[in-house]
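Work through the exercises below with the sequence and the 3D structure open. Try each task before reading its solution.

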Amino acid sequence: MTATTSARPLTSSGHDAHVAGLEPVLTASHVSIDYEVSPVVHAVKDVSLTLHRGEILGLAGESGCGKTTLAYGLNRLLKAPALLTSGEVTFHDQGGSDIDVVALGGDALRSYRWDKVSMVFQGAMNSLNPVISVRAQLYDVLTTHRPGMRKREKAARAAELLDLVGVDPGRLDSYAHELSGGMRQRVMIAMALALSPQVMIMDEPTTALDVVVQRGILREIMRLRERLGFAVVFITHDLPLLLEISDRIAVMLRGEIVELDTAENLYASPQHEYTRKLLGSFPSLTGDRGAFVRTGEHQEGRHA
Ligand SMILES: Nc1ncnc2c1ncn2[C@@H]1O[C@H](COP(=O)(O)OP(=O)(O)OP(=O)(O)O)[C@@H](O)[C@H]1O
Ligand SMILES: [Mg+2]
């Protein structure tokens, strides 16, 4: 067990049984990623981290520090001019063997990206296809990755997925413009859940949403992770939010992870100067430290 639950009011049951094992699911080892432009951008520098099964790992840091680039590296989504210049990424498949992610190609790579590790992209709610219904977009994922699935099964799974993320399955035949921003984001999460991945990487999944909608979605993610057991890499520059929902938090600065600790430790005794600065920049986190945790425990609308 890496974290107590005192600062995590969004956790529905408050228990972390599935985090307790500390079994790794995804490991990055000395990963460096450059953008090969002139002059070259060293976006990620020698990053090592381990994501455990069922864990929520927060990734914090200011704009441009390399969060998205690292996420793409973990999910093998880097495209030129981005290049992984060194390091290893290993996926520890449930009940299976270790997978060398960097060496993957073809079908194995496609399967890795949706089946094993899925991603909710930054700005995803605006990337639903406007001319295709939600149903068709969900079917698309299922048809591509589960070619043997019958239409009836797809219909059932699509409805189940919307239900899982708190959207009325009656919305299956809606188009993006007919949905609110919150609903669109929930649909994107449903798509990422479609193949029951072991890891979900969520890049700023709620940043564009108003606080009430944001908290509703966060609560849903916490519930789903407890129910389905996937691990989450949750990227945002909203550190107070990460303190509430994460088991551990990695703080990134100019391409490097400068601190990685449990949410409680990071809050109570930040080691790195930049972490202290980051904590200090949120007025709600200054002053009586205990107050944050206590307030966090009892108030739903802390971000309001
Ligand atoms: N296609 C690209 N070509 C060149 N440089 C890039 C490219 N994409 C990103 N970068 C640079 O790489 C660095 C890391 O960018 P990245 O998008 O990973 O940061 P981020 O932490 O996700 O930022 P944000 O919080 O704004 O999303 C930045 O300096 C950025 O300017
Ligand atoms: Mg980003």
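**Exercise 1. Find how far apart Arg157 and Glu160 are in helix 4, and describe their contact.**

Step 1. Arg157 and Glu160 both lie in helix 4 (residues 151–164) and are 3 residues apart, so about one helical turn separates them. Helices are DSSP runs of H or I with at least four residues, strands are runs of E with at least two, and both are numbered from the N terminus.

Step 2. Their side chains form a salt bridge with an N to O distance of 3.0 Å. A salt bridge needs a side-chain nitrogen of Lys or Arg within 4 Å of a carboxyl oxygen of Asp or Glu.

Step 3. Arg157 has 15% relative accessibility and counts as buried, while Glu160, at 42%, counts as partly exposed. Buried means under 20% relative accessible area, exposed over 50%, and partly exposed in between (1.4 Å probe, protein chains only).

A note on the source: this is a predicted model, in which local features need pLDDT of at least 70 and side-chain atom pairs count only at pLDDT 80 or more, while totals for chains, interfaces and linings use all residues. Residues are numbered from 1 along each chain as its sequence is written, chains are lettered from A and ligands numbered from 1 in the order in which they are written, and side-chain values use heavy atoms, with hydrogens and water left out.

**Exercise 2. Which parts of the chain do the salt bridges of Arg53 and Lys116 link?**

Step 1. The structure holds 11 salt bridges. One of them joins the side chains of Arg53 and Glu23, at 3.0 Å from N to O.

Step 2. Arg53 is in the loop between strand 2 and strand 3 (56–60), and Glu23 is in the segment before strand 1 (24–35), so the pair ties together parts 30 residues apart in sequence. Arg53 is buried at 11% relative accessible area, and Glu23 is partly exposed at 44%.

Step 3. Lys116 pairs with Asp93 in a salt bridge, with the closest N and O atoms 2.9 Å apart. This pair links distant parts of the chain, 23 residues apart: Lys116 is in helix 2 (residues 106–116), and Asp93 is in the loop between strand 4 (82–92) and strand 5 (98–100).

Step 4. Lys116 is buried, at 19%, and Asp93 is buried, at 16%.

**Exercise 3. Which protein atoms are donors of the magnesium ion (ligand 2)?**

Step 1. The protein donors are OG1 of Thr68 and OE1 of Gln122, 2.0 to 2.3 Å from the ion. Donors are N, O and S atoms within 2.8 Å of the metal (3.2 Å for Na, K and Ca); water is not among the atoms, so sites may look incomplete.

Step 2. Thr68 belongs to helix 1 and Gln122 to the loop between strand 6 (117–120) and helix 3 (134–145), so the pair ties together parts 54 residues apart in sequence.

Step 3. Thr68 is partly exposed at 24%, and Gln122 is partly exposed at 46%.

**Exercise 4. How many residues surround ligand 1, and which element gives the most to this shell?**

Step 1. Ligand 1 is surrounded by 13 residues, each with a heavy atom within 4 Å of the molecule.

Step 2. Helix 1 gives the most to the shell, with 3 residues.

Step 3. By type, the shell has 4 nonpolar, 7 polar and 2 charged residues. Ala, Val, Leu, Ile, Met, Phe, Trp, Tyr, Cys and Pro count as nonpolar, Asp, Glu, Lys and Arg as charged, and the others, Gly among them, as polar.
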